[in-house]
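Here is a short tour of one protein model, taken a piece at a time. Keep the structure open and follow along.

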Amino acid sequence: MSASHPIIRRQITVVNDWGLHARPCAAIATEAGKHDCDIQITNGKKAASANSVAQLLMLEAHNGTLLTVTARGQRARQAIDAISEIIGGGFGERHLVLKGIGNKCGIALGRARLQAADHSDIPHFTIGKGSIAAEQRRLRNALQAVRRQFEQLSAGGDMPDAEIDEFRHLLLAMLDDALFSKEPLKLIASENANAEWALKLALDPVLAALKNSPEELLQARYSDYSRLMQRIIAQLDRAKVPRRRRRGINHVLISIELGPAEVVEAVRAGYEGLVAADGTRTSHATILSRSLLVPAIVGCGEQIFEQINENDMLIVDSDGGLLHVNPSDEVCQRHRQIAREQEEKRKSATRQSGKVPPSTETRDGHRIQLLANIEVPEEIPNCHKQGVEGIGLFRTESLFLEKDEIPGEEDQYQIYRRVLAEMAPLPVTFRTMDLGYDKSIGKMSATVSAMGLRGIRYCLRNPELFKSQLRALLRAAPAGNMRIMLPMVGTAEEVQATRALIEDGRAELDLQDQPTPQIGVMIEIPATIHLINSLAQTCDFFSVGSNDLVSYLLAIDRRESQLSNQHDPRHPAVISALKDILQRARQTGKPVTLCGEIAGDTGFARLLATLGLASLSMVPDRIMPMRKLLKQTSLKSLEHAVGKACQATDSEQIVEIMSGFDRQ
């Protein structure tokens, strides 16, 4: 080969994930053999012949390594071009890696499902003066429908962690804001605009200000307002949020933005991971997805809709905040292995938690059982992670509210069985459907009175629907440790009627040899307090539903925003009623649990424990801090202060007394 031939050099960066492993080295050697010239590749001081797989491996070139390719010969330039194209092309392994903000919940793999939602396709048309009232009514109906959807996210209490209940209240408060509830109605009339466009006109200035704010917290709120607007518009169009059940293929949801409601719905629909173009470290989607243990990445930028196609293979690495698009099989296998190891760690923690849940005992030896309130099976991993001692409240109405229709017996059975099996041997208390008032399905009125046809009253008026649920519960019972709890009980006859339906179901299912699950009564109606002795003859346990009990004692509708600050569990009447309940229940020998919001309140937990309550059920993320607090508490030292609280005549005195618990 003539030495007169020029030397051609070119620098090229290794872009494939695994660098120059065996297959890429073989590809380079094969290509080099096609050219009549000498080709060398160097990595710093290390040099290798392009024809030698062994020498190329010794270069130890990784992703990001800058290589120098040198060729001499007649076809040097063609050889350099070919070798550079192979290396620069990633040997067919190159894939796109996008950077975002991860929620530190591990890795998910799945096919992309695009759910782009921007504001460019909002319908705009002019309406006549005679149509203004109808258009305003259309918007009010959509707002009411969205309100019900948000209430379902945490109907009757809390979702999986303390922040989620705040999200629900935030979303409902946003709906009450004039920005949504009044301004668009005015614009419909003043601009003769359709409801969708009026909503856009009202929101545009706020959205622009939030999106362009230099403050990250304000930028994070842009997504909340934008998603809420889109949800209302979808309801105006009678569009349902797309749902996907597991059918053997995993999927990752790709959206412009995610709000709290969309996160919960996506998890329920079975998505393995979530990705949003917008969002920040402090956005609600990031916080809530972390609570639900679903890998998520936000803040990837709107260009993802140009870079990702429907059904593209994705890896959501929420620990590193990296989204891999169409990775190679080797990269997928590597991440699947990591995901399997992470899942095994979770399962191991679940098994350990399930077998030997941590116990809680005060400094002076009082045992307090800490249970969790949940409404979807997806919350169970977090329950085990937090060390719960069982489920004190599983809100079965969420199954009915999820698709605004009545699920069949088989669908219910599968959910109940799954919950029992995943929690076994720990107890699970299923509250029968608490429909009515703020939770309605089908043709039920959305404005059912708080004192109307709801809870057990509704169930007994619809015996076939109720019996279907009871049959599903009875069928699932052998899978674990089941208890059944009845909401809104006002008489012993209601419990007896329910037991009769249970016995009918046992006979129909030929389950007479199977033990009947324990039946409990929720104490929510003030009159029920005075019936504890007679109810104890018909039930096995009691559970205090403090949210409704406070409402009924104080005659305040929780949905009435103008009175929200007066819905105060520290009212002297509430403290007196709780003391009375515990005293009466103690006389019957029946155990009592409290599962309202105040169960997770540190002041109330200590007050109630001092009064004799030995079981609290709360949002899972309150369990660990509550356990730590109670272990440091001496109930004996609180007796005097609790006695004063029970004799206090106003809320301020009770607040002051409770604030002093930390000093006892």
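## A β-α-β unit

Start with strand E13 (residues 369–374), helix H14 (residues 380–386) and strand E14 (residues 391–395). E13, H14 and E14 make up a β-α-β unit, and its hand is right. Bear in mind throughout that this is a predicted model. The two strands of the unit, E13 and E14, run parallel and are joined over three bridges. One residue pair to look for is Asn373 with its bridge partner Leu393 in E14.

E14 also pairs with strand E15 (residues 427–431), again in the parallel sense and over three bridges. Here Phe394 sits opposite Phe430 of E15. How many residues of E14 are buried? Five of its five are, so the strand counts as mostly covered, given that buried means under 20% relative accessible area.

## Cysteines and disulfides

How many disulfides does the model contain? The count comes to zero. As a reminder, a disulfide is a covalent bond between the sulfur atoms of two cysteines.

Two cysteines are worth a look anyway. Cys383 is buried, because its relative accessible area is 0%. Cys37 counts as buried too, because its relative accessibility is 7%.

## The four-stranded sheet

Now go to the N-terminal part of the numbering, where four strands form an open, antiparallel sheet. Reading across, the order is E1-E4-E2-E3. Which strands sit at the edges? They are E1 (7–13) and E3 (46–49), each of which pairs on one side only. On average, neighbouring strands in this sheet are turned by 25 degrees against each other, with direction ignored.

Helix H3 (residues 76–88) packs on this sheet and touches E1, E4 and strand E2 (37–43). The direction of H3 makes about 5 degrees with that of E1. E1 itself is joined to E4 (residues 66–73) by seven bridges, with the two strands antiparallel. Within the sheet, Ile7 stands opposite Arg72 of E4.

## The eight-stranded sheet

There is also an open sheet of eight strands, and its pairing is mixed. The order across it is E5-E12-E11-E7-E8-E9-E10-E6. Its edges are E5 (96–99) and E6 (101–102), and each of these pairs on one side only. In general, strands of a sheet pair through backbone hydrogen bonds, either parallel or antiparallel.

For a parallel pairing in this sheet, look at E7 (residues 107–115) and E8 (residues 251–255), which are joined by five bridges. Ala112 stands opposite Val252 of E8.

## Gly321, a buried loop residue

Where does Gly321 sit? Gly321 is in the loop between strand E11 (313–317) and strand E12 (322–325). Is this glycine buried or exposed? Gly321 is buried, because its relative accessible area is 3%.

Leaving aside neighbours within four places in sequence, Gly321 is in contact with Leu98, Lys99, Gly100, Gly102 and Ile297. Another distance to check is the one to Val298, which lies 23 residues away along the chain: the two C-alpha atoms are separated by 8.4 Å.

## Helix H23 and buried Arg606

Further along, helix H23 (residues 572–588) has 17 residues. From first C-alpha to last it reaches 25 Å, close to the expected 24 Å. The buried residues in H23 are Pro572, Val574, Ile575, Ala577, Leu578, Ile581, Leu582 and Ala585. After H23 comes Gly589, whose phi is positive, near 80 degrees.

Helix H24 (residues 602–610) holds Arg606. This arginine is buried, because its relative accessible area is 5%. Which residues does Arg606 touch, not counting those up to four places away in sequence? They are Leu629, Leu630, Thr633, Leu635, Leu638, Phe661 and Asp662.

## The whole protein

Zooming out, the protein has 27 helices and 20 strands. Of its 664 residues, 56% are buried.

As for contacts, take those with a separation of 6 or more: residues 24 or more positions apart account for 72% of them.

How values were computed:
Residues numbered from 1 in each chain as written. Predicted model: local features only at pLDDT ≥ 70, side-chain atom pairs only at ≥ 80, totals over all residues. Heavy atoms only, no water. Pairing = 2+ DSSP bridges. Axes fitted to C-alpha atoms, helices over the stretch in contact; angles between N-to-C directions. Contact = heavy atoms within 4.5 Å. Expected span 1.5 Å × (residues − 1). Buried < 20%, exposed > 50% of the residue type's maximum accessible area, 1.4 Å probe, protein only. Right-handed = clockwise from strand over helix to strand, strands pointing away. Disulfide = S-S within 2.5 Å.
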